[in-house]
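Trainee: I'm new to this one. Could you walk me through how the labels on it are earned?

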Amino acid sequence: MEITTRIGCRVACRYCPQSVLVRAYTKRSDVLQLSIETFAACLSKLPREVDIHFLGMSEPWLNPRCTDMVLQAHARGHRISVSTTLAGMQPSDVQQMRSVPFEAFILHLPADDGAMSIGVDDAYVALLEYICRSGIANLRFKRFGRLHPRLAWAAERIPEIDWPTMNRANNLTASGIAATPKVVGRIHCHRIRSNVLLPNGDVVLCCNDYAMRHVLGNLLIGTYRDLFQGAEFGRIKAGLTQNDAEILCRYCSEPCMKIATS
């Protein structure tokens, strides 16, 4: 389960369809920030074998309680991954998380093209250096474009993962990012149960569903099992074999979505 800790991200990366998410979400709810109480209630519904990913659809640490949520999920026995631009994070957050055995702690580092609204100033560099020295488990970085010149040293110290620019199943219409034509044939995605929790308890299909086309349910109201037994999930499953189905998966270009061979 990916955790979106707030709606509206001031980092405003050009390759992230924030306006699409804000427009869709605010039609349903005015709860813009995930409270620690809501997180605890939703977490209690999740089986412990469900991994928790603090990635979601905005920068996790723009919510000041994000570290508390990480520690709460860890204490409950979940495997945890993080992807962060560092916006909103403080050295005290890093210190508190040093003992968490992260599956991955991914730093989304700025490129030199201004696509992220993050100033690579002395404070940012100092925080990045602090994290590199902290002993945080499984630290690595990703970037879109050429790494900012002030961060060249980071490439020598942190393993990089390949992260291609995607159109978010046609939710992103930025210049230079091609649209995905509708995929035909029987398709399969191993991430169909890798869902996203939003601040009001709603759960959407996946991290590409910025327009909230597929709301599977709400963990404040129902159970985790309910997400996969409702009408919307049934419609998605059926749509994987029906060429005329208008589901998000048929416009997805991510490697996890495959045309089935049998």
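Mentor: Sure. One term to start: contact means heavy atoms within 4.5 Å. Keep in mind that this is a predicted model.

Trainee: So what covers the buried residues of α2?

Mentor: The cover includes β1 (2-3), β2 (52-54), α3 (66-75) and β7 (196-197). The buried residues themselves are Ile36, Thr38, Phe39, Cys42 and Leu43, in a helix that spans residues 36-43.

Trainee: Why say that the buried residues of α2 line one face of the helix?

Mentor: Look down the axis of α2: its buried residues fall within an arc of 160°, so they line one face. As background, an α-helix has 3.6 residues a turn, so residues three or four places apart point the same way.

Trainee: How do you know that histidine 214 is buried?

Mentor: Buried means under 20% relative accessible area. Histidine 214 has 0%, so it counts as buried. This histidine 214 lies in the loop between β8 (202-204) and β9 (215-218). Among the residues that histidine 214 touches are Val203, Asp209, Glu232, Arg235 and Leu248.

Trainee: What makes a set of residues a nonpolar core?

Mentor: They must be buried nonpolar residues joined through side-chain atoms within 4.5 Å. The largest such core here has 74 residues, and Met1, Phe54, Leu107 and Leu128 have the most contacts inside it. Helix α5 (residues 122-134) gives the most to this core, with 6 residues. Apart from it lies another core, of 13 residues, including Ile7 and Tyr210.

Trainee: And which residues does methionine 1 touch?

Mentor: Among them are Leu46, Ile52, Val196, Leu219 and Tyr224.

Note on methods:
Residues are numbered from 1 along each chain as its sequence is written. This is a predicted model: local features need pLDDT of at least 70, side-chain atom pairs count only at pLDDT 80 or more; totals for chains, interfaces and linings use all residues. Side-chain values use heavy atoms; hydrogens and water are left out. Helices (H or I, at least four residues) and strands (E, at least two) are DSSP runs, numbered from the N terminus. Buried means under 20% relative accessible area, exposed over 50%, partly exposed in between (1.4 Å probe, protein chains only). The arc is that of the directions from the helix axis to the C-beta atoms.
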